[in-house]
Amino acid sequence: MKVFLINPPFKVEYGKFSRDQRSPAITKSGTVYYPTWLASATGVLEEAGYECRLLDSCVKQMNDETTLAIIKDFAPDMIVIDTSTPSIYNDCKFAEKVKEVLPECFTVLVGTHPSALPEETMELNTSVDAVARKEYEYTLRELAHYVKIGNMDFRQILGLTYRTADGKIISNPDRPYIEDLDALPFVSKVYKEHGVDPKDYFFAAAEYPMMIIFTGRGCPNSCFFCVYPQVFHGRKLYRTRSPQNVVEEIKYILTNFPEIKSIGFEDDTFTADIERTRIICKMLIEQGLNKKFNWWVNARVDLDLETMQLMKEAGCRLLIAGFESGNQAILNKMHKGIKLEWSKQYVKNAKKAGLIIHGCFMVGNPGDTKETMEETFQLSLKLNPDTAQFFPLMVYPGTEAYKWAQTRGYLTTNDFSKWVTEDGLHSCIISTPEISAEELVAFCDEARRRYYLRPAYIFSKLRQFIFYPAERKRLLKAGVRFIKFISKKGK
């Protein structure tokens, strides 16, 4: 029994498209995320005895013809196709192309979009046989068994939406979230065994080359825009790998990928469990691993100075913070659960601890006006993070933000392909009575220019380049991407 897991081609002629919902586009900074979820599922299926192939066609910029030739040569019995909202029509069409070369191959879609809209997604193309919703590792493992033995009665497979022989679409009950995350294989081991090249992946704020893994799933917070907690792995539900398990994977990475300079723990909020964070830090220090690599995390602005200092000692270099808005009323309306004062103290503490910050700022939220958007930009200047991103609110099916925009008539289109521009960059598909989509895009373009083209900022980057050799690859790569895209429209 063979299973092919793929991030299928999409707009590869324009660049490396990333389906990760933090950045489902070709980004101006060149950010490309690892296929972490597909890798986890690949490991689970291989442990169950299935022969698997993992391919990220987008990062290799392979076209359909080349990709389909590889799939045909492998001749899988089942293919797992990763998806995103902007690429969903293309992803369903790719399933059809697979059927044309391998008519008996069972096609399964995974990802946040079909998890939010499983029946609607399957109605797009009859070549899609099933959708494995939400956390899909064990759903795929069970489905592969049924396909292997030729049993197409899938009524008992939790988390599955499927098409019956007579064309009816059935959605089984949800599968419970995975509690024992230590039981999952190391995604880094899957990267290694399937030839995933770290040089193909990039995050502008991290040292290059870098690697991304997860140490926890779910999020205890309620931000109204965040797609993964709402439609994929749980809101108000935070499950973690044990500190020992996390440290063991770090050791594996350092041994098997000696070129890696930086590791990203891509949990929605790595510091949600402060005690666990401190234990991991102490283990890294005690075992001397803190001297061998640096790491970054998503960390809310309620993080205390003492923990920051311990994280720095343990090798942490970078915090990614969602500051989002410079107006407290806007923060409240988006259910961010933070105060402006916290953001300001957070930056002071991070500077004192010796940590750098990648700041995230978002406009187009409920109540936003041109005046509050300018408040957000002024906050970015005041906080002055090492790097900053400015985005219009991106609304995805299954989120409160999408429902808010949809019910008020703020969506400019219902065509999901318009979630990105023709050349694959982020697009804006909401217009409110106060601000149009075009104005939101123009604001973010201008905010990016105003932020990064400040003489003081440019001087600080030149200083980094001269005095910190480890930063040079990152700065060069990010700088080239920024210069290339700065004059283009879209986000």
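A nonpolar core is a set of buried Ala, Val, Leu, Ile, Met, Phe, Trp, Tyr and Cys residues joined through side-chain atoms within 4.5 Å. The model on screen is predicted, and this tour starts from its cores.

**The whole chain**

Show the protein as a cartoon. There are 18 helices and 15 strands to find. Along the principal axes, the C-alpha atoms fill a box of roughly 65 × 55 × 40 Å. The radius of gyration is 22 Å, which agrees with the value near 23 Å that a compact globule of 491 residues would have.

Switch to a surface. About 19,200 Å² of the protein is exposed, and carbon and sulfur atoms supply 52% of that area. Of the 491 residues, 62% are buried.

Colour the charged side chains next. The protein has 65 positive and 62 negative ones. The centres of these two sets lie 6 Å apart.

Now consider contacts between residues at least 6 apart in sequence: 73% of them join residues at least 24 apart.

**The cores**

In soluble globular proteins, nonpolar side chains tend to be buried together. Select Met 78, Trp 295, Leu 319, Tyr 346 and Ile 430. These are the residues with the most contacts inside the largest nonpolar core, which has 153 residues. Helix H16, residues 437-452, gives the most to this core, with 8 residues.

Then select Phe 10, Ala 25, Ile 26 and Cys 58. They are included in a second, separate core of 7 residues.

Return to Met 78 and display its surroundings. Leaving out residues up to four places away in sequence, Met 78 touches Met 1, Lys 2, Val 3 and Phe 4, among others. Its partners also include Cys 105, Phe 106 and Val 108, as well as Leu 140, Leu 143, Ala 144 and Val 147.

**Four buried residues**

Stop at Tyr 452, in helix H16. Tyr 452 has a relative accessible area of 17% and is therefore buried, as the cut-off for buried is under 20%. Draw a line from the C-alpha of Tyr 452 to that of Gly 424: the two residues are 28 apart in sequence and 23 Å apart in space.

Go next to Asn 349, in helix H13, which covers residues 340-353. With a relative accessible area of 9%, Asn 349 is buried. Which residues does Asn 349 contact, leaving aside its neighbours within four places in sequence? They are Leu 303, Leu 305 and Met 308.

Select Pro 114 in helix H4, residues 112-116. The relative accessible area of Pro 114 is 0%, so this residue is buried. Beyond four places in sequence, Pro 114 touches Thr 83, Ile 88, Leu 109, Thr 121 and Val 131. The C-alpha atoms of Pro 114 and Asp 82 are separated by 9.7 Å, with their positions 32 residues apart along the chain.

The last of this group is Asn 172. Look for it in the loop between strand E7 (169-171) and helix H7 (187-193). Is Asn 172 buried or exposed? Its relative accessible area is 7%, so Asn 172 is buried. Not counting residues up to four places away, Asn 172 touches Arg 133, Phe 154, Arg 155, Gln 156, Ile 157, Leu 160 and Tyr 162. For a long line across the model, join the C-alpha atoms of Asn 172 and Ser 343; these residues are 171 apart along the chain and separated by 43 Å.

**Backbone exceptions**

Most residues other than glycine have a negative phi, and most peptide bonds are trans. Three places to inspect follow.

- Select Tyr 208 and Pro 209. A cis peptide bond joins them, with omega about 0 degrees. Pro 209 is in the loop between H7 and strand E8, residues 210-213.
- Select Gln 61, in the loop between strand E2 (51-56) and helix H2 (64-74). Gln 61 is not a glycine, yet its phi is positive, about 50 degrees. Gln 61 is partly exposed, with a relative accessible area of 38%.
- Select His 335, in the loop between helix H12 (328-333) and H13. Phi of His 335 is near 60 degrees, a positive value in a residue other than glycine. His 335 is partly exposed, with a relative accessible area of 38%.

Definitions and conventions
Residues are numbered from 1 along each chain as its sequence is written. This is a predicted model: local features need pLDDT of at least 70, side-chain atom pairs count only at pLDDT 80 or more; totals for chains, interfaces and linings use all residues. Side-chain values use heavy atoms; hydrogens and water are left out. Helices (H or I, at least four residues) and strands (E, at least two) are DSSP runs, numbered from the N terminus. The radius of gyration is taken over C-alpha atoms; the globule rule is 2.2 Å times the number of residues to the power 0.38. Buried means under 20% relative accessible area, exposed over 50%, partly exposed in between (1.4 Å probe, protein chains only). Contact means heavy atoms within 4.5 Å. Accessible areas come from the Shrake-Rupley method with a 1.4 Å probe; for residues, only the protein chains shown count as cover. Lys and Arg count as positive and Asp and Glu as negative; His and the chain ends are not counted. The place of a charge is taken as NZ of Lys, CZ of Arg, CG of Asp or CD of Glu.
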